[in-house]
Amino acid sequence: MDSLIGGTIWDEYSQKVTDLMNNPQNMGEITKEQAAQMGAELIVADFGAESCGDAVRLYWAVDPKTDTIKEAKFKSFGCGTAIASSDTMVELCKGRTVDEAVKITNIDVEKAMRDTPDVPAVPPQKMHCSVMAYDVIKKAAAQYKGVDIESFEEEIIVCECARVSLSTLREVIRLNDLTTIEQITEYTKAGAFCKSCIKPGGHEAKDIYLVDLLAEYEKEKLARTAAPGAHVSFAEMTVVQRLKAVERVIDEHIRQMLVMDGGDMEILDIKENGAHFDIYIRYLGACSGCASSSTGTLFAIENILKEKLDEHIRVLPI
Amino acid sequence: MRVYLDNNATTLVDPHVFAEMEPYFVQKYGNPNSLHSFASETHPGLKDAMEKIYAGIHAPKEDSVVITSCATESNNWVLKSIYFEYILTGRKNHIIVSEVEHPSVIATAKFIESMGCKVTYLPINHEGLVDPQTVRESITSKTALVSVMWANNETGAIFPVEEIGAICAEHNVLFHTDATQAIGKIPVDVQSFNVDYLTFSAHKFHGPKGVGGLYMKRGRELSPLLHGGSQMGGYRSGTLNVPGIVGMGKAMEQTIDALDFEMTEVRQMRDAFEDELLKIPDTFVVTPREKRTPNTLLISFRGIEGESMLWDLNRAGIGASTGSACASEDLESNPVMEAIGADADLAHTAVRFSLSRYTTQEELDYTIEVVKKAVERLRGISSSYAYAPEGHKSGLDTHH
């Protein structure tokens, strides 16, 4: 209901975000001279661009003997969330070593800005503003160590707001047979925030989108049904895979015909019985008690399953 | 002090308008189409209101001004009915809109595009204006409709609707203009140039929300979008919004009476306000003021993200906007600024101040002080104005 009238995003900012926007604590600069006085090395790292709507410049004074960040400051072009996130990120950097700082993520930053542990500090569509706080740390660390920024990223991140990797997404989609964006978001939180990773045309351009991953999986499934021999045969499948394969055939080829007559069916069990695969089913609705359910309809179901999956299938209604 | 400078989003209801509407809630609540005195006692008020609305846009009696629920409905109606009548039937295959139309035109155009209609999105030039020549170049023998707004909601840019209307007449193409941001700010006369359909909305000129209109020239009547009990001559079904119509009538009368004031006093106040703000270094305005509605100022403060500026303004009690209020949850840059494409750095820095005849000099003086302080504070935070050691290779697209 709340989403029907909408509202202002500012209402969803935590008090901490509001306070930091009104009065950022770590805003400022460190000059070369100031760093030298601290016996530290000055690192200045930039991330983002005004033309993209968010930009941050991070200053670190790093003690070269201990790799500790002795002092940190920021300047930021952006909205309240960007400023508050930058401020919090700088606070989290202070006193840590460069290696420790690299481990700080945008999620740590967001959590640090919460008033109460279980209420998000910013509304979902503002989550991406905190991502740049994470990226700029990596950039600063790369500069300090004289290495490439890529060396800090161990895996490809598809949803930066929720930090969900490509490998996690691929795994979750396949394990749970996900077919919609909503399902992916429900399982992984990917796509719940700024929505850039869902499909092209969002706030940020990506290399790979959630729709691509769904399409990839869809294609894979299609290849499997089109050329069953090329993939795992019914006999080689695990019990769960067999159940899913049978469910899929029923969904695609059988259920509609039953539903049209006011009925339905469910699978109870699949058992290997000598050379046969016995699939136990139960009729629902109008099907139960229908004369054809043990003759014509049953043969039809069995024949379709035989044709699509394995010729040794037998269907046994209970 | 609270200052409202977001009159292109909505306006306060003129107290005279409210007074006129009031009897139609508790006393004269009848359905105008019923057969009893409860119905007929609403008729004089409705008739009077319709006359004021016709007079307000100088519509001839033979033409239809159909009352709708809002400008969004009116715009949807035009594009969708044209789609049903011309595109779906295969008589035509193309419409033309400007790329900076209100979302109710753009989103509808995208929708019918997805249903197979070709759509040309006209670009705007460096001043934020549509060049009529681009309309001429885009029209084909299969073009059904051109829809270009009269005045832009964000920049206040006044589009050359007279020239565009003439080009449409020449090529026998229907012409629709969304005059939502024009009425009450500049003269709007449907007989002074070629126009087939014209959209407007009461709450943009001190009338109530939830009531708008669509002017349709005689012979160009659209088939209905809302089917039902054949109210509004069958063009738009749904029980008449009696208080809304009465309110819009009164608001139209008041706003036409105040048009001279708007075009002189409000304009002068806006111009002086603009002059003061432009004294702040690195501050930019895109559309020249003589090509804008008298109440609107879209201004960019380099190095300050628009939402941050709104934040500081709001803390001081001032309501302004970064663009379209519909997109208040939108992360994107101002579409008009983006379309102008002059300087990408400025796309996220635009803030819109829109005045009304109720705006006072005192309010503007206060706002100028607040803006100056906000610019100082926010540029102090901004990476665009930040120190960098010699030889620092900036990854930022900064101040240049």
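In this predicted model, helix H11 (residues 239-260) of chain A lies across strands S6 and S7 of chain A, and its direction makes an angle of about 150° with S6(A). A second helix of chain A, H12 (residues 296-308), also packs on the sheet. Helix H12 of chain A touches S7 and S8 of chain A, and it runs at about 150° to S8(A).

The sheet that receives these helices is open and consists of three strands of chain A in the order S6-S7-S8, with mixed pairing. Strand S6 (263-273) and strand S8 (313-317) of chain A stand at its edges; each has a single partner strand, so one side of each has no neighbour in the sheet. On average, neighbouring strands of this sheet are turned by 25° against each other, direction ignored.

The pairing of S6(A) can be followed in detail. In general, strands of a sheet pair through backbone hydrogen bonds, in either a parallel or an antiparallel sense. S6(A) and strand S7 (residues 276-285) of chain A adopt the antiparallel sense, over 10 bridges. One bridge partner in S7(A) is A:Ile279, which is matched with A:Ile270.

The description now turns to the interface between the two chains. Here 28 residues of chain B are in contact with 30 residues of chain A. On the side of chain B that touches chain A, helix H11 (residues 306-315) of chain B gives the most, with three residues. By character, the residues on this side of chain B comprise 10 nonpolar, 12 polar and six charged.

Notes. Residues numbered from 1 in each chain as written. Chains lettered and ligands numbered in written order. Predicted model: local features only at pLDDT ≥ 70, side-chain atom pairs only at ≥ 80, totals over all residues. Contact = placed C-beta atoms within 7 Å. Helix = DSSP H or I, 4+ residues; strand = E, 2+ residues; numbered from the N terminus. Nonpolar A, V, L, I, M, F, W, Y, C, P; charged D, E, K, R; others polar. Pairing = 2+ DSSP bridges. Axes fitted to C-alpha atoms, helices over the stretch in contact; angles between N-to-C directions.
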